[in-house]
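Please look over the sequence and the model shown below before reading on. The report then takes up the overall fold, one helix and the site of the ligand.

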Amino acid sequence: MGGAIARGLIASGSWQAADLICTAKSDSGLARIHASLPGVQATRDNPLAASEADIIILAVKPWFIGEVIEEIRPALDFGRQLIVSVAAGISLQEMELLLAAPEPPALFRAIPNTAVEVLDGVTFICRQNATDEQTALVHGLFAALGYTMVTDEQHLAAGTALASCGMAFAMRYMRAAMEGGVELGFRPGEAARIVEHTVHGAASLLLQSGMHPEVAIDQVTTAGGITIKGLNAMERSGFTAAVIDGLKACR
Ligand SMILES: NC(=O)c1ccc[n+]([C@@H]2O[C@H](COP(=O)([O-])OP(=O)(O)OC[C@H]3O[C@@H](n4cnc5c(N)ncnc54)[C@H](OP(=O)(O)O)[C@@H]3O)[C@@H](O)[C@H]2O)c1
């Protein structure tokens, strides 16, 4: 996720590679940064990276957050720096306790999805003790990577289900459609391209028109036609209920 954010920031043009310092734990992780992020400073020295940064994004697995904070705490300057954690499941309150700052520091949690790498992601941001100006800075950073919403922590689980797990759900529909396309007579590669462009087109149509999906569906369903037969067959197999059950199972 840290790599996806860094690649997205550079691809968006809002940040230069030279503006970023990325850290890894292992030599192989460092080599991956060098290979996938040319021009970015890469180091295994977390305190050095933290001391040079204005915005520190913590993107390690949740169970490593404590040890990384412990390591960088002496290098932190809360008056100057903003801390953003992307670790799922670590609350702002827990972050504040781990940081043990003399004054409550401005803190952010961000939950991006993997599409930030292609600048079409969804990111939820929560804040604690942050000014509107600081929030605008962090919002702007993630807004360069796609749709970004400032929300409260109570909505993060639902947001994660919809946008992060949702990536897998949308892709599972796409895989199913590709398999159906092969059964209908297309070669696998052809079916894949058709489904990718169809789903991309459907999302673009809704985004650009602001239409509710059902209104857009009505436009392509002729009375007694084939689309409504297909939709009804899918519903008889539990399509809508399966999607809602999947979303609720994520929480
Ligand atoms: N994946 C998602 O879709 C997603 C979405 C939202 C939030 N998140 C959150 O993002 C965080 C990272 O997830 P991930 O899937 O990207 O994990 P990951 O693939 O394991 O990557 C973690 C990276 O952190 C590095 N690292 C580990 N310990 C370190 C340390 N002490 N100092 C410096 N670097 C260290 C690792 O370096 P090495 O390669 O050298 O081991 C690795 O490059 C998690 O907290 C997760 O909850 C993930």
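What follows moves from the whole chain to one helix, then to the surroundings of the ligand and finally to a single leucine.

**The protein as a whole**

The model is a predicted one, and its 251 residues include 32% that count as buried. Its secondary structure comes to 11 helices and 7 strands, and the C-alpha trace spans about 70 × 35 × 30 Å along its principal axes. Among the contacts with a separation of 6 or more, 55% are made by residues that stand 24 or more positions apart in the sequence. The protein exposes about 14800 Å², and 60% of this area is supplied by carbon and sulfur atoms.

**Helix α4 and its neighbours**

Helix α4 runs over residues 65-72, and within this helix I65, V68, I69 and I72 are buried. These four residues lie on the same side of α4, because they cover an arc of only 100° around the axis. As for the partners of this buried side, the buried residues of α4 pack against two helices, α3 (46-52) and α5 (92-99), and against two strands, β3 (55-58) and β4 (82-85).

**The ligand and its shell**

The ligand is surrounded by 18 residues, of which the closest are M1, S26, R32, N46 and V60. By character, the residues of this shell divide into 10 nonpolar, 5 polar and 3 charged. The table sets out polar contacts between the ligand and the protein.

| Ligand atom | Protein partner | Distance |
|---|---|---|
| nitrogen | N or O atom in the side chain of N46 | 2.8 Å |
| oxygen | polar backbone atom of V60 | 2.6 Å |
| oxygen | polar backbone atom of A88 | 2.9 Å |

On its own the ligand has 900 Å² of accessible area, and the protein covers 72% of it. The contact with N46 uses the side chain of that residue, whereas V60 offers a polar backbone atom, as A88 does.

**A residue of helix α3**

L48 is found in helix α3, the element that takes part in the packing against the buried residues of α4. Is L48 itself buried, partly exposed or exposed? Its relative accessible area is 43%, a value between the limits of 20% and 50%, and therefore L48 is classed as partly exposed. Computed along the chain, so to speak, L48 and I33 are 15 residues apart, while in space their C-alpha atoms are 17 Å apart.

Conventions. Residues numbered from 1 in each chain as written. Predicted model: local features only at pLDDT ≥ 70, side-chain atom pairs only at ≥ 80, totals over all residues. Heavy atoms only, no water. Buried < 20%, exposed > 50% of the residue type's maximum accessible area, 1.4 Å probe, protein only. Arc of directions from axis to C-beta. Contact = heavy atoms within 4.5 Å. Near = heavy atom within 4 Å. Polar contact = N/O pair within 3.5 Å; in protein donor to acceptor, adjacent residues only side chain to side chain. Areas by Shrake-Rupley, 256 points an atom, 1.4 Å probe, with all protein chains shown as cover. Nonpolar A, V, L, I, M, F, W, Y, C, P; charged D, E, K, R; others polar.
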